[in-house]
Amino acid sequence: MSASKASKTPQAPQARPGDMRPLAEVPGERPPKPRPAPVPDPEAAQYWAAMGEGRLLVQGCTRCGNRQLYPRQHCLTCRGPVEWVEASGRGTVYSYTVIRQNHQRPFRDWIPYVVALVDLEEGPRIMTNVVGCDPEDVYVGMTVEATRFDVLSDEAGIALFEPVPGFEHRG
Ligand SMILES: [Zn+2]
């Protein structure tokens, strides 16, 4: 966990056991590698496709009104039929962690980065990245919004969240 401060120190990298990063590698030397794309199952195909078009969807039960993600064939509460509802994209950080070690591309190019569980205004909780701010500024209860949609493939995109403008720093 000492990686965060050390990574910002401007000195020559030292080879360490377990450090997979080639010493000669500099940013931009190789083309950026895209985030792995999911192969959507039929229930979730529309969910992933919508994010590829910059829209975040949740499922709404036409019988009891329950909103849910991950996509299912039926309502998890009453097993009623579900329809797609466009989400506002706003939510609150329920929990998060700062990833400081990941040897796989493209993730290792992003460290440190934030993986968060965000409670959407509509109710469902999703796992995402909080971007566009210092990882140290993220906190539980922070208001965030899906502002960035990365296209992963012809059939899938992913929603990334940023703090809403004017978010308050802790302390
Ligand atoms: Zn229901």
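In which loop does P106 lie? Select P106 in this predicted model: the residue belongs to the loop between β4 (90-99) and β5 (113-120).

**The loop between β4 and β5**

With P106 still selected, add R105 and display the backbone. The peptide bond joining R105 and P106 is cis, and its omega is about 0°. Next, move along to I111 and P112. Here too the peptide bond is cis, running from I111 to P112, with an omega near -5°. P112, like P106, is situated in the loop between β4 and β5.

**The loop between β2 and β3**

Now select R79. This residue sits in the loop between β2 (67-68) and β3 (82-86). Its backbone deserves inspection: phi of R79 is near 60°, a positive value in a residue other than glycine. Is R79 buried or exposed? R79 counts as partly exposed because it has 13 C-beta neighbours inside 10 Å, whereas 12 or fewer would be required for an exposed residue and 20 or more for a buried one.

**The three-stranded sheet**

Finally, select β1, β2 and β3 together. These three strands form an open sheet in the order β2-β1-β3, with antiparallel pairing. At the edges are β2 and β3, each of which pairs on one side only. To examine one pairing in detail, restrict the selection to β1 (residues 57-61) and β2. The two strands run antiparallel and are joined by two bridges. Which residue of β2 stands opposite Q59? Select Q68, the residue in β2 that faces Q59 across the pairing.

Definitions and conventions: Residues numbered from 1 in each chain as written. Predicted model: local features only at pLDDT ≥ 70, side-chain atom pairs only at ≥ 80, totals over all residues. Helix = DSSP H or I, 4+ residues; strand = E, 2+ residues; numbered from the N terminus. Pairing = 2+ DSSP bridges.
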